[in-house]
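This report describes a single protein chain. The sequence and the model are shown below.

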Amino acid sequence: MTQPVVADLIANSLQQQGRVTITLTGDSMAPLLQHGDVLEVDRCSAEQLTPGDVVLFAGLVVHRFLYASGGGIVARGDGAWATDPLWPKEAVLGRVLAHTRNRRRQRIDRGWRWARGRIIAGLWSLRRRLRHLWVHEARC
């Protein structure tokens with residue numbers, strides 16, 4: 001099956017059942033999530049996200065929600081230096097609640113993993129604000 005077909009199947013399953021499990025490919029969310037982890041994804045909209053949430057987007061991308069900007073969503077993989085291009089709010093399929101690795105299920109929407117995500121999102125937002133101030137000061 002092609003990626004758009006799989007994305008449509010996942011989106012339909014989320015709409016009908018409210019939760020799906022998918023197997024992660026790639027390492028953009030390492031070290032939290034690793035290639036081969038099984039993810040539990042709960043249906044949610046962009047308006048229900050809080051900074052630090054791990055999100056499944058329509059392109060079958062799993063990245064961390066940093067902040068809303070204009071009409072879109074700014075996200076980034078934990079292992080990436082740069083943010084993704086702006087995601088439209090409609091691209092949000094769901095929020096990752098937990099992952100299973102080596103038969104061990106771990107929640108990521110609470111506890112220290114959730115707090116770590118909030119800290120990452122907060123630091124990224126602070127970096128963006130400081131950079132804006134620095135650029136503004138350099139122009140004056």
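The text starts with the chain as a whole, then turns to one strand and its partners, and ends with one residue.

**Overall**

The model is predicted. The secondary structure of the protein chain consists of two helices and eight strands, and read from the N terminus its elements follow the order α-β-β-β-β-β-β-β-β-α. Of the 140 residues in the chain, 40% are buried. The accessible surface amounts to about 8,500 Å², with 54% of this area belonging to carbon and sulfur atoms. When contacts between residues at least 6 apart in sequence are considered, 53% of them join residues at least 24 apart.

**Strand E7 and its partners**

Strand E7 covers residues 92–101. Eight of its ten residues are buried, so the strand is mostly covered (buried means under 20% relative accessible area). The table lists strands that pair with E7, with one pair of opposite residues for each.

| Strand paired with E7 | Sense | Bridges | Opposite residues |
|---|---|---|---|
| E2 (residues 38–43) | antiparallel | six | Val 41 and Val 96 |
| E3 (residues 54–57) | antiparallel | three | Leu 56 and Gly 94 |
| E8 (residues 104–107) | antiparallel | four | Arg 101 and Arg 104 |

In the pairing with E2, Val 96 of E7 is the bridge partner of Val 41. Gly 94, also in E7, stands opposite Leu 56. On the E8 side, Arg 101 stands opposite Arg 104.

E7 and E8 also form a hairpin, with two residues between the strands. One residue in the turn, Asn 102, has a positive phi of about 55°.

**Glu 40**

Is Glu 40 buried or exposed? This residue is found in strand E2, the strand that joins E7 over six bridges. Glu 40 has a relative accessibility of 13%. The cut-off for a buried residue is under 20%, and therefore Glu 40 counts as buried.

Which side chain forms a polar contact with that of Glu 40? The partner is Arg 105, and the contact is 2.5 Å. Arg 105 lies within the residue range of E8, 104–107.

Leaving aside residues up to four places away in sequence, Glu 40 touches Arg 19, Val 20, Thr 21, Arg 95, Val 96, Leu 97, Ala 98 and Arg 105. Among them, Arg 95, Val 96, Leu 97 and Ala 98 fall within residues 92–101 of E7. Val 96 thus appears both as a contact of Glu 40 and as the bridge partner of Val 41.

How values were computed: Residues are numbered from 1 along each chain as its sequence is written. This is a predicted model: local features need pLDDT of at least 70, side-chain atom pairs count only at pLDDT 80 or more; totals for chains, interfaces and linings use all residues. Side-chain values use heavy atoms; hydrogens and water are left out. Buried means under 20% relative accessible area, exposed over 50%, partly exposed in between (1.4 Å probe, protein chains only). Two strands pair if DSSP finds at least two bridges between them. Contact means heavy atoms within 4.5 Å. Accessible areas come from the Shrake-Rupley method with a 1.4 Å probe; for residues, only the protein chains shown count as cover. A polar contact is a pair of N or O atoms within 3.5 Å; within protein, one must be able to donate a hydrogen and the other to accept it, and residues adjacent in sequence count only if both atoms are side-chain atoms.
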